[in-house]
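Please open the model in your viewer and keep the sequence beside it, since this tour moves from one selection to the next.

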Amino acid sequence: MGRGKIEIKRIENANSRQVTFSKRRTGLLKKAQELAILCDAEVAVIIFSNTGKLFEFSSSGMKRTLSRYNKCTDSSESASVEYKTEYFLQKDDTKMVEILKDEIAKLETNQLRLLGKDLTGLGLKELQHLEQQINEGLLSVKERKEELLMEQLEQSRIQEQKAMLENETLRRQVEELRCLFPIAERVMPTYLQYHHVERKNSFVDNSVKCPSFARNCANDKADSDTTLHLGLPTDVRNKKTPEKKNF
């Protein structure tokens, strides 16, 4: 007579449930040990009863098996997470690229329209709106231009004031130097003027010496005339008159 099949469900009788738990637990641990020995596998079994008791079996040590299990689960989870992230990123990147392409196309079209090109397909309202944008842009450009011109004008005015102050300072310094060292009214003669005056003075000296020279010449002429008149020889006039001796 064969054994009938047992329906897999919770046993309501507590005693029967406890007996079944003990038998099945022993058989499970025995099968785990046989599997580890026969197949050279690393097997670990952890069982908690309904009362909270712990029953375990490990062929290589429970901590070692658990750490290995955690590494495997972490790597698998990280790999799955990375795969999902990469997939979503690629998908998001594709969408982002498409969005950016559309934005670039719109910006290029708006730029051409602002330049007055590619106006086909625009209605009256769109053209009025475009005209308003262009006018606002022109007003902004003119305001910025006026600001820059006013800034340059202000800088030029500040530089002019600085230059005036520097000139005033230099003028005062020059006046102070003139007060300390007054300029003489007499002007120093140039080299040509000085040379001309020197030559003139030399002529004046010669003219002063000329009367004595003429007087000597006149005396010599008178002596020669006297010698000729007296019939004396010519060498007598060259002799010096003897000095008078005091007796």
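Which residue just after helix 1 takes a positive phi? Select Asp40, which follows directly after helix 1 and has a positive phi of about 50°; as you look, keep in mind that this is a predicted model.

Now select helix 1 itself, residues 14-39, which has 26 residues and reaches 37 Å from its first C-alpha to its last, close to the 38 Å expected at 1.5 Å a residue. At the start of this helix, show the side chain of Asn13, where an oxygen reaches to within 3.3 Å of the backbone nitrogen of Asn15. Then colour Arg25, Ala32 and Ala36, which are buried in helix 1, and add strand 1 and strand 2 (54-58), which are included in what covers the buried residues of the helix.

Stay with strand 1, residues 44-48, and select Phe48, which is found there. Phe48 counts as exposed because its relative accessibility is 55%, and the cut-off for that word is over 50%. Together with Ile46, Leu54 and Leu66, Phe48 makes a nonpolar surface patch of about 380 Å².

Finally, go to helix 2, residues 62-114, and select Thr65, which is found in it. Thr65 has a relative accessible area of 12%, so it is buried, the limit being under 20%. If residues up to four places away in sequence are not counted, Thr65 touches Glu42, Ala44, Ser58 and Ser60, and with Ser58 there is also a polar contact of 3.4 Å between the two side chains.

Terms used: Residues are numbered from 1 along each chain as its sequence is written. This is a predicted model: local features need pLDDT of at least 70, side-chain atom pairs count only at pLDDT 80 or more; totals for chains, interfaces and linings use all residues. Side-chain values use heavy atoms; hydrogens and water are left out. Helices (H or I, at least four residues) and strands (E, at least two) are DSSP runs, numbered from the N terminus. Buried means under 20% relative accessible area, exposed over 50%, partly exposed in between (1.4 Å probe, protein chains only). A polar contact is a pair of N or O atoms within 3.5 Å; within protein, one must be able to donate a hydrogen and the other to accept it, and residues adjacent in sequence count only if both atoms are side-chain atoms. Contact means heavy atoms within 4.5 Å. Patches are made of residues with over 30% relative accessible area and no salt bridge: like charges are joined within 9 Å, nonpolar side chains (Val, Leu, Ile, Met, Phe, Trp, Tyr) within 5 Å. Accessible areas come from the Shrake-Rupley method with a 1.4 Å probe; for residues, only the protein chains shown count as cover. A salt bridge is a side-chain nitrogen of Lys or Arg within 4 Å of a carboxyl oxygen of Asp or Glu. The expected span of a helix is 1.5 Å times one less than its number of residues.
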